[in-house]
Every structure is written in C-alpha cells, then in structure tokens.
Amino acid sequence: MYLHSHTAGGQREIVCTHAALAGADQGQIRQLYACNTTREMQDALEAFGLAEPVWQSIAESACENCTARTRGAVVTGLLLLDEEDRILAASRQAETIRKAWWNCGTN
C-alpha cells in the first residue's frame with residue numbers, strides 16, 4: 001500500500017494513534033501532531049522513548065491490512081524503513097519470510 005502524502009497522507013494521524021496506544025500522554029501527542037515531517041515525528045518518538053513500540057505497532061497493523069487485502073492468500077511481511085533505508089520495525093512475519101527466501105537459495 002503506497003502511502004505518499006500526495007496520494008493518501010494520514011501519516012501524522014497514524015503515528016499519533018499508535019503513540020497513544022503505546023502510552024504517550026496528551027502533551028506528547030500534541031507535540032507529535034505539530035510535527036511537519038515524519039522525520040520530526042521519529043525524533044520526537046525517540047525523545048519520548050516510544051520509537052520502538054510505535055513503529056512496531058504500525059508495522060504489525062500495516063501487515064495485518066496487507067494480509068486482509070489478499071484475503072489471507074499471500075503470506076505477507078513488512079519492513080518500515082526510514083529515509084536512509086534503515087529498518088525502523090519488522091513485522092513478525094518478515095523474519096519467517098526472509099528465512100524461507102534464504103533457504104530457497106540453498107536447496
């Protein structure tokens with residue numbers, strides 16, 4: 001699912017929702033909502049000590065949506081990357097898929 005600001009947007013709302021689920025207080029949510037970029041939100045989440053649980057929650061939720069879109073016909077995994085292609089989070093299925101892919105080359 002392509003989530004670019006000119007086609008969908010909603011990044012701010014997604015991050016704020018998952019931050020609230022991870023225990024962010026109202027002041028932290030307001031700070032996140034005031035951010036102009038996802039990079040600013042990442043910095044704020046790191047300052048709050050919430051980066052890992054928020055990105056993990058988003059990765060799992062997005063992966064569930066991908067599975068639902070395929071009606072379970074495709075095993076899906078998901079990596080969330082930052083602007084420098086560093087992994088922010090990986091869904092639980094991502095490692096299973098990576099191992100299966102890796103083993104295909106050794107058989």
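This section describes the fold, helix packing, salt bridges, backbone and surface of a predicted model.

The chain contains five helices and two strands. Read from the N terminus, these elements follow the order α-α-α-α-β-β-α. The two strands, β1 (residues 79-81) and β2 (87-90), thus come after four helices and before one further helix in that order. The chain comprises 107 residues, of which 29% count as buried.

Two helix pairs were examined for packing. Two packed helices are described by the angle between their axes and the distance between the axes. Helix α1 (residues 11-21) packs with α2 at an angle of about 165°, and the two axes lie 9 Å apart. Because angles over 145 degrees count as roughly antiparallel, α1 is assigned as roughly antiparallel to α2. The crossing in which α1 passes α2 is right-handed. Helix α2 (residues 26-33) in turn packs with helix α3 (residues 38-48), here at about 160° and with an axis separation of 9 Å. The pair α2 and α3 is therefore also roughly antiparallel, and α2 passes α3 in a right-handed crossing.

Charged side chains were considered next. Side chains of opposite charge can pair when their charged atoms come close. The count for the model comes to seven salt bridges. One of these joins R39 to D43, with 2.6 Å between the closest N and O atoms. Both residues belong to helix α3, where they are four residues apart and so separated by about one helical turn. R39 is partly exposed, at 27% relative accessibility, and D43 is likewise partly exposed, with a relative accessible area of 39%.

A salt bridge within helix α5 (residues 92-104) links residues at a spacing of three: R98 and E95 are separated by about one helical turn. Their side chains meet at an N to O distance of 2.6 Å. R98 has a relative accessible area of 41% and is partly exposed; E95 is partly exposed at 36%. Beyond individual pairs, salt bridges that share partners connect R39, D43 and E83 into one network. R39 and D43 of this network are the two residues paired in helix α3.

A further salt bridge is formed by the side chains of D82 and R86, at 2.7 Å from N to O. The two partners fall into separate accessibility classes. D82 has a relative accessible area of 10% and is classed as buried because this value is under the 20% cut-off. R86, at 41%, is partly exposed.

Backbone torsions showed two residues of note. Most residues other than glycine have a negative phi, and most peptide bonds are trans. In R71, phi is near 55°, a positive value in a residue other than glycine. R71 lies in the loop between α4 and β1 and is exposed, with a relative accessible area of 78%. D85 also has a positive phi, of about 65°, although it is not a glycine. The position of D85 is in the loop between β1 and β2, and its relative accessible area of 59% places D85 in the exposed class.

A contact between positions distant in sequence was found for E52 and L88. These residues are 36 residues apart along the sequence, while their C-alpha atoms are 7.4 Å apart in space. E52 is located in helix α4 (residues 51-69) and is exposed, at 65% relative accessibility.

On the surface, L79, L81 and I87 make a nonpolar patch of about 290 Å². L81, a member of this patch, is found in strand β1. With a relative accessible area of 43%, L81 is partly exposed; this value meets the requirement for patch membership, because residues with over 30% relative accessible area are eligible when they form no salt bridge.

How values were computed: Residues numbered from 1 in each chain as written. Predicted model: local features only at pLDDT ≥ 70, side-chain atom pairs only at ≥ 80, totals over all residues. Heavy atoms only, no water. Patch = residues over 30% accessible without salt bridge, like charges linked within 9 Å, V, L, I, M, F, W, Y side chains within 5 Å. Areas by Shrake-Rupley, 256 points an atom, 1.4 Å probe, with all protein chains shown as cover. Salt bridge = Lys/Arg side-chain N within 4 Å of Asp/Glu carboxyl O. Buried < 20%, exposed > 50% of the residue type's maximum accessible area, 1.4 Å probe, protein only. Axes fitted to C-alpha atoms, helices over the stretch in contact; angles between N-to-C directions. Parallel < 35°, antiparallel > 145°, perpendicular 65-115°, else oblique. Left-handed = near helix turned anticlockwise from the far one by under 90°.
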